[in-house]
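Me: I'd like a close look at one part of this model, the biggest pocket. Could you walk me through what lines it and then how that fits with the rest of the chain?

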Amino acid sequence: MSRAEHHAWIGLGSNLDGPREHVARALEELDRLPLTRRVAASRLYASRPVGPADQPDYVNAVAQLATRLSPLALLDQLQALEQRHGRVRGRRWGPRTLDLDLLLYDDRRLALPRLTLPHPEMTRRAFVLVPLAELAPSLTLDGQPLARLAAGLDRDGLAPVLPTGG
Ligand code: ROI
């Protein structure tokens, strides 16, 4: 007997030590988590920092996973992956090598000390909603399609990272 598969959306962000490589590598690693496969990934976006401005620009992306892990077991895996990328918890809203946020897990609502679902900041952040709406434009949050929520946000300082080479 196997537990049902659930859909989870993950926000990725990095602004230290080769942010593009951290995000690109993490997208591969998400596909190798236990009981989990990556279903889709957005493009990579360059984004100006939200919060303290005295830090480098970020690279952000969103991934869609299919997983048999519970929300908290998935959170444990995401935090372990951040650790493997050398994440050091410094000042609040400071720079980081890899940030993995569990944004949505099916249509689950949770309010636990470690985890709030949906992610409480996601609808205010273009660096989350724009890549998420790219993957799931018609998915709704509070009855609103993500494409419409994303269209209402200021995209200043947010742009797809252009592929290198070619
Ligand atoms: N700003 C941007 N642009 N991207 C992020 O991933 C990000 N992450 C954060 C804070 C510091 C809020 N700012 C960010 O945690």
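Reply: Let's start from the outside and work in. This is a predicted model, and the accessible surface of its protein chain comes to about 8800 Å², with 52% of that belonging to carbon and sulfur atoms.

Now to the pocket itself. The largest pocket holds about 850 Å³ of space, and 38 residues line it. Nearest its centre you'll find Arg96, Asp99, Asp101, His119 and Arg125. Several elements give two or more residues to that lining: strands E1 (6–14), E4 (58–67) and E5 (99–105), plus helices H2 (71–84) and H3 (126–135). As for chemistry, the lining divides into 16 nonpolar, ten polar and twelve charged residues.

H3 deserves a longer look, since it is one of those lining elements. This helix is mostly covered, with eight of its ten residues buried. Those buried residues are Ala126, Phe127, Val128, Leu129, Val130, Pro131, Leu132 and Ala133. What do they pack against? The buried residues of H3 pack against E1, E4 and E5, and those three strands also give residues to the pocket lining. The rest of the packing partners are strand E3 (45–47), helix H4 (146–151) and strand E10 (158–160).

Just ahead of H3 there's a backbone feature worth a click. Proline 118 sits in the loop between strand E7 (116–117) and H3, and the peptide bond leading into proline 118 from leucine 117 is cis, with omega near -10°. Most peptide bonds are trans, and most residues other than glycine have a negative phi.

Two aspartates go the other way on phi. Aspartate 106 has a positive phi of about 45° without being a glycine; look for it in the loop between E5 and strand E6 (110–111). With a relative accessibility of 31%, aspartate 106 counts as partly exposed, because that value falls between the 20% and 50% cut-offs. Aspartate 17 is the other one, with a positive phi of about 55°, and again it is not a glycine. Its place is the loop between E1 and H1. Aspartate 17 is at 62% relative accessibility, so it counts as exposed.

Carry on past that loop and you reach H1 (residues 19–30), the helix that holds glutamate 21. Glutamate 21 also counts as exposed, because its relative accessibility is 53% and the cut-off is over 50%. If you want a sense of distance, glutamate 21 and leucine 146 are 125 residues apart in sequence, and their C-alpha atoms are 27 Å apart in space.

Finally, zoom out to the whole fold. The protein chain has four helices and ten strands, and along the sequence they run β-α-β-β-β-α-β-β-β-α-β-β-α-β. Its radius of gyration is 15 Å, close to the 15 Å that the globule rule gives for 166 residues, so the chain is as compact as a globular protein of that length. The C-alpha trace spans about 50 × 40 × 35 Å along its principal axes. Buried residues make up 44% of the 166 in the chain. Among contacts with a separation of 6 or more, 68% come from residues 24 or more positions apart.

Methods:
Residues numbered from 1 in each chain as written. Predicted model: local features only at pLDDT ≥ 70, side-chain atom pairs only at ≥ 80, totals over all residues. Heavy atoms only, no water. 1 Å grid on protein atoms, 1.4 Å probe; cavity = no way out; pocket = protein on both sides within 12 Å on 5 of 7 lines; lining within 4 Å. Points joined across faces, edges and corners; volume = space filled by probe spheres on them. Nonpolar A, V, L, I, M, F, W, Y, C, P; charged D, E, K, R; others polar. Rg over C-alpha atoms; globule rule 2.2 N^0.38 Å. Buried < 20%, exposed > 50% of the residue type's maximum accessible area, 1.4 Å probe, protein only. Contact = heavy atoms within 4.5 Å. Areas by Shrake-Rupley, 256 points an atom, 1.4 Å probe, with all protein chains shown as cover.
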